[in-house]
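Biologist: I'm new to this one. Can you put it up and walk me through the side chains?

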Amino acid sequence: MSLFPVEYDSTQNLLPYDGCVHYYGQIMEVAEADHYLQLLLESIAWQNDLAVIFGKTIVTKRKVAWYADQAFSYTYSKTTKQALPWTPELLALKALVEVKTGETFNACLLNLYHSGEEGMAWHSDAERELKQHAAIASLSLGAERKFAFKHKQTHEKVELQLAHGSLLVMKDQTQTYWLHRLPPSKKVQGVRVNLTFRRMNEVQ
């Protein structure tokens with residue numbers, strides 16, 4: 001493993017049509033990414049995620065946390081979460097991501113995957129609380145994992161590997177036309193923390 005980031009062309013759109021996805025590669029050195037991974041594992045108020053499927057509440061092995069500028073409510077998988085106030089570590093990472101992308105964010109959904117056997121099924125982030133077509137910035141810390149997109153009509157797929165300390169940005173009509181997922185893998189043993197910085201509609 002290289003101790004320093006590999007250069008990627010962040011201006012390249014990874015999707016062939018109907019959306020916009022940019023991969024920045026690693027935006028921090030490995031030692032810094034290691035530092036933040038350990039801090040987040042210890043300081044974040046992790047909870048098992050809940051999903052309502054066929055009327056039954058399912059508790060996932062994956063853990064989540066929800067932080068924001070204000071006490072935003074966020075409903076997905078038919079369950080609602082109330083945002084916690086930012087921690088210093090999250091504010092530092094948000095600032096880094098905002099500088100890299102030129103976007104602004106007011107919330108962050110974090111996912112904790114204990115191993116490659118935990119993943120995320122096909123979905124799109126198009127809940128009504130999210131600002132439509134706004135950028136979602138995904139910062140990955142920990143084990144390298146495959147990430148995949150699938151067009152909702154043509155079923156064309158785009159796949160890439162998300163490295164430790166790397167940044168991926170989805171924006172414009174991506175959530176309208178594309179699904180995405182984190183496929184499980186028995187080959188991956190390490191822990192992964194994913195931070196998805198988002199833009200919520202302001203509460204009046």
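**Cysteines, rings and charges**

Modeller: Let's start with a cysteine. Cys 108 is buried, at 0% relative accessibility. Buried means under 20% relative accessible area, exposed means over 50%, and partly exposed is in between, with a 1.4 Å probe and protein chains only.

Biologist: Before we go on, what kind of model is this?

Modeller: This is a predicted model, where local features need pLDDT of at least 70, side-chain atom pairs count only at pLDDT 80 or more, and totals for chains, interfaces and linings use all residues. Residues are numbered from 1 along each chain as its sequence is written, and side-chain values use heavy atoms, with hydrogens and water left out.

Biologist: Back to cysteines. Is Cys 20 buried or exposed?

Modeller: Cys 20 is buried, at 10% relative accessibility.

Biologist: And how many disulfides?

Modeller: Zero. The rule asks for a pair of cysteine sulfur atoms within 2.5 Å. A disulfide is a covalent bond between the sulfur atoms of two cysteines.

Biologist: Rings next. How many aromatic pairs are there?

Modeller: The structure has five aromatic pairs. Rings of Phe, Tyr and Trp (its six-membered ring) pair if their centres lie within 6.5 Å; planes under 30 degrees apart are stacked, over 60 edge-to-face, and the rest tilted. Take Trp 66 and Tyr 74: the ring centres are 4.9 Å apart and the planes are at 35°, so this pair is tilted.

Biologist: Are Trp 66 and Tyr 74 buried or exposed?

Modeller: Trp 66 is buried at 3% relative accessibility. Tyr 74 is buried too, with a relative accessible area of 1%.

Biologist: What about Phe 147 and Phe 149?

Modeller: That pair is edge-to-face, because the planes of Phe 147 and Phe 149 are at 85°, with ring centres 5.3 Å apart. Both Phe 147 and Phe 149 are buried.

Biologist: Which rings link into a cluster?

Modeller: Trp 86, Phe 105 and Phe 197 do, through ring pairs.

Biologist: Which charged end sits over a ring?

Modeller: Arg 145 has its charged end over the ring of Tyr 113, 5.7 Å from the ring centre. The test is NZ of Lys or CZ of Arg within 6 Å of the ring centre and within 35 degrees of the ring normal.

Biologist: On to salt bridges. How many turn up?

Modeller: Four, from a search of the whole structure. Each needs a side-chain nitrogen of Lys or Arg within 4 Å of a carboxyl oxygen of Asp or Glu. Side chains of opposite charge can pair when their charged atoms come close.

Biologist: Show me one inside a helix.

Modeller: Try Glu 98 with Lys 94, at 3.1 Å from N to O. Both lie in helix H2 (residues 88-101), four residues apart, about one turn of the helix. Helices (H or I, at least four residues) and strands (E, at least two) are DSSP runs, numbered from the N terminus. Lys 94 is buried, at 10% relative accessibility.

Biologist: And what does Arg 198 meet in a salt bridge?

Modeller: Arg 198 meets Asp 125, at 3.9 Å from N to O. Arg 198 is in strand E14 (residues 192-198) and Asp 125 is in the loop between strand E8 (120-123) and strand E9 (136-142), so the pair ties together parts that are 73 residues apart in sequence. Arg 198 is buried at 3% relative accessibility, and Asp 125 is buried at 9%.

Biologist: Which residue does Glu 159 bridge to?

Modeller: Lys 146, with the closest N and O atoms 3.6 Å apart. Glu 159 sits in strand E11 (residues 157-162) and Lys 146 in strand E10 (residues 145-151), so this pair ties together parts that are 13 residues apart in sequence. Glu 159 is partly exposed at 46% relative accessibility, and Lys 146 is partly exposed at 36%.

Biologist: Switching to backbone. What is the phi of His 155?

Modeller: Positive, about 65°, although His 155 is not a glycine. Most residues other than glycine have a negative phi. His 155 is in the loop between E10 and E11, and is exposed at 52% relative accessibility.

Biologist: And where is Asp 172?

Modeller: Asp 172 is in the loop between strand E12 (166-171) and helix H3 (174-177). Its phi is also a positive value, near 60°. Asp 172 is partly exposed, with a relative accessible area of 40%.
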